[in-house]
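Here are some notes to go with your first look at this one. Have the viewer open and follow along point by point.

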Amino acid sequence: MKVNQFSLLPVNIKRVLERCKVPYHIDEDFVLTDFETLPMPEDFRFMRCTFVALCLQGKGSYNMGTIERDVHPNDIIIITEGQVLGDISLSPDFKGIGVFISNEYMLEIIRDISEVTNLFVLSREHPVFTLTYEEVDVFRKYLDIIKIKVSDQTHAFRKQITGTLLGGMIYDICNAAVRITNTTDTKRMKAFDVFERFVRLVERNFRENRNVGWYSEQLGLSSKSLLEMVKRVSNRTPNEWLDLYTSLEIRLLLIHTTKSIKEISDELHFGNQSSLGKFFRAHVGKSPSEYRQKKS
């Protein structure tokens, strides 16, 4: 089934808050809730936030684009921005708990762009994987403490401390996934190896170089081979990855520094400030000034 993401209703924090009563949330940036409170969509939805959940009981399945994923007890589910979700089916005894995190809050939680991307890569390569009993226990302890902090309306740093706890939880999830990655099907290992080397190369060089041909040369591949392997693993093209890194970096610089838009434009080697503005609006939907003002 080919789904046009631009015609789909989005899943974001605002819509979650409008459609169900959740006991734990912070503005339109964060929600923690049980599956029982969530209305399951009957058609496909376009994700505009990150969703991390744990299956506690029962079983379920869902489609991510055209691929069906099965879920069982102790499975962690990771769905990030830009993915298309649908065909959700849960057993009558299904129980689970999960968090929704807005894109802006995610950038506040994890300030290193490579770590933001690691979660994104993990959600593509291993959107569902099984935690050990010890890892499940740690995950649930994180959520229990987060519930306490979110509920404390008098805490002067309620949002910040919740973000710190979420950051720790995300790092622990990524760490748990290392053993999964190490046992990946060997038939996918070559493409994944190329993809991983491409991403690391992008991390080091995207600020100065966003030419896909240069990356394929550095990896000793044709541009066509690089495109095929990167898309096979991540469902994104090399150009889309370069655009993602660039737009994330601009957001991080706008949120966490006082650099002027011209200084950011120069740092990322745009031809001029206007070129950066056009790029940012095309990928984020706001001008850099509007984005910074909203986050200030």
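1. First, a word on what you're looking at: this is a predicted model. The protein has 12 helices and 11 strands. Of its 296 residues, 50% count as buried.

2. For the overall surface, the accessible area comes to about 15000 Å². Carbon and sulfur atoms account for 49% of that. As for how the chain folds back on itself, take the contacts between residues at least 6 apart in sequence: 71% of them join residues at least 24 apart.

3. Now find the open sheet. Its 5 strands run in the order β1-β4-β9-β6-β7, and the pairing is mixed. Which strands stand at the edges? They are β1 (10-11) and β7 (67-71); each has a single partner strand, so one side of each is left without a neighbour in the sheet.

4. Stay at the β1 edge for a moment. β1 pairs with β4, residues 45-47, in the parallel sense over 2 bridges. If you want a spot to zoom in on, V11 stands opposite M47 in β4.

5. Next, have a look at β8, residues 75-79. Here 5 of the 5 residues are buried, so the strand is largely enclosed by the rest of the structure. Burial holds for both faces: D75, I77 and I79 point one way, I76 and I78 point the other way, and all are buried.

6. What does β8 pair with? One partner is β5 (residues 49-57), in the antiparallel sense over 4 bridges. Within that pairing, V52 has I78 of β8 as its bridge partner. Another partner is β11 (residues 128-130), again antiparallel, over 3 bridges. There, I77 is matched with V128 in β11.

7. On to the nonpolar packing. The largest nonpolar core has 35 residues, and those with the most contacts inside it are F198, Y215, L226 and I250. Helices α6 (186-205), α7 (212-218), α8 (223-234), α9 (238-256), α10 (261-267) and α11 (273-284) each supply at least two residues of this core. The biggest giver is α9, with 9 residues.

8. F198 is a good place to see that core up close. Leaving aside its neighbours within four places in sequence, F198 is in contact with Y215, L219, L226, V230, P238 and W241. Apart from this core lies another one, of 30 residues, among them I76, I101, Y105 and V136. You've met I76 already: it is one of the buried residues of β8.

9. Back to α9, since it deserves its own point. Is it mostly buried or exposed? Buried: 14 of its 19 residues are, so α9 is largely enclosed by the rest of the structure. Its length checks out too. At 1.5 Å a residue, the 19 residues should span 27 Å, and the end C-alpha atoms are 27 Å apart, which agrees.

10. Last, the cysteines. How many disulfides does a search of the whole structure find? The search finds 0. Two cysteines to click on are C49 and C174. C49 is buried, with a relative accessible area of 1%. C174 has 19% relative accessibility, and it still counts as buried because the cut-off is under 20%.

Terms used:
Residues are numbered from 1 along each chain as its sequence is written. This is a predicted model: local features need pLDDT of at least 70, side-chain atom pairs count only at pLDDT 80 or more; totals for chains, interfaces and linings use all residues. Side-chain values use heavy atoms; hydrogens and water are left out. Two strands pair if DSSP finds at least two bridges between them. A nonpolar core is a set of buried Ala, Val, Leu, Ile, Met, Phe, Trp, Tyr and Cys residues joined through side-chain atoms within 4.5 Å. Buried means under 20% relative accessible area, exposed over 50%, partly exposed in between (1.4 Å probe, protein chains only). Contact means heavy atoms within 4.5 Å. The expected span of a helix is 1.5 Å times one less than its number of residues. Accessible areas come from the Shrake-Rupley method with a 1.4 Å probe; for residues, only the protein chains shown count as cover. A disulfide is a pair of cysteine sulfur atoms within 2.5 Å.
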